[in-house]
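Visitor: I would be grateful for a close look at the enclosed and open spaces of this model. Please describe their linings with care.

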Amino acid sequence: MNDTSAMEVIRADRVLSVVRAPAIPDPAALADALARSGIRTLELTFTTPGVLGYLRVAAAVEGAMVGVGTVLHADQAEAAIEHGARFLVTPGVRPEVAAVAAARGIPVVMGAFTPTEVLTALDLGAAAVKIFPARALGPGYLKDLRGPFPDVALIPSGGVNAGNAAEFLACGAVAVTAGTDVVAPSDVAAGRWSDIASRAASFVRSMN
């Protein structure tokens, strides 16, 4: 998918996966299991020790679009891009990360919660804004944000699951995140790829 941008895939699939695990024994198998089940976009995070090594392996999987999240500093952004990240994700507004992303031509999904933070993320060049934590106010809050921000790509994260993903999308999300509901840390660490693939497929079905 080298000729396809991360945002194109996110918009098309309407979902991306976020993996937080103490270890990833086979990052290629993880990326493949998710992609084959309809979740092509995979966000690894800097909360996983040794994430850059996992990133390099997962990024080589055909059909997968792999990026890195919990990017807090410019040096992390540079390292992620050097190891194959096709997009970056921040938990909050991070100007130095946005600057690296802009200079390197890599989209950044910037975390925000309040309208002011959404505006700041947009001013910094965010390709999309991650509304986090989405569980705090639920799908209705996303619908409220759609009033002043009708054209902004909003992606709720934190608390999104198979039971509410469709509602978040109906309330204006351009995509939703599939976290521990699909990729439980214990399953990732144990290499239960078929279980993860099954839950990913169920999550995708729930969106419709």
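Guide: The second largest cavity of this predicted model has a volume of about 30 Å³. Its lining consists of Leu16, Glu43, Val89, Val109, Lys130, Ile155 and Thr177. By class, these lining residues comprise four nonpolar, one polar and two charged.

The count of cavities of 30 Å³ or more comes to two. In the largest cavity there is about 40 Å³ of space. Around the largest cavity stand Phe113, Ile131, Pro133, Ala134, Leu137, Gly138, Tyr141, Leu142, Pro156 and Phe168. Nine residues of this lining are nonpolar, one is polar and none is charged.

The largest pocket is to be treated separately from the cavities. Its space amounts to about 320 Å³, and 15 residues line it. Nearest the centre of the largest pocket lie Ser157, Gly158, Gly159, Gly179 and Thr180. The pocket lining divides into seven polar, four nonpolar and four charged residues.

A helix pair may be added to this account. Helix α2, residues 27-36, packs with helix α3, residues 51-58, at an angle of about 55°, and their axes are 8 Å apart. The two helices are therefore oblique to each other, and their crossing is right-handed. Pro27, Ala28 and Ala31 of α2 make the contact with Tyr54, Val57 and Ala58 of α3. The residues of this contact comprise six nonpolar, no polar and no charged.

Key: Residues are numbered from 1 along each chain as its sequence is written. This is a predicted model: local features need pLDDT of at least 70, side-chain atom pairs count only at pLDDT 80 or more; totals for chains, interfaces and linings use all residues. Side-chain values use heavy atoms; hydrogens and water are left out. On a 1 Å grid over the protein atoms alone, a cavity is a set of points where a 1.4 Å probe fits but cannot get out, and a pocket is an open set with protein on both sides within 12 Å along at least five of seven lines; lining residues have an atom within 4 Å of a point. Grid points are joined across faces, edges and corners, and a volume is the space filled by probe spheres set on the points. Ala, Val, Leu, Ile, Met, Phe, Trp, Tyr, Cys and Pro count as nonpolar, Asp, Glu, Lys and Arg as charged, and the others, Gly among them, as polar. Axes are lines fitted to C-alpha atoms, for helices over the stretch in contact, and angles run from 0 to 180 degrees between N-to-C directions. Helices (H or I, at least four residues) and strands (E, at least two) are DSSP runs, numbered from the N terminus. Angles under 35 degrees count as roughly parallel, over 145 as roughly antiparallel, 65 to 115 as roughly perpendicular and the rest as oblique. A crossing is left-handed if the near helix is turned anticlockwise from the far one by less than a right angle, and right-handed if clockwise. Contact means heavy atoms within 4.5 Å.
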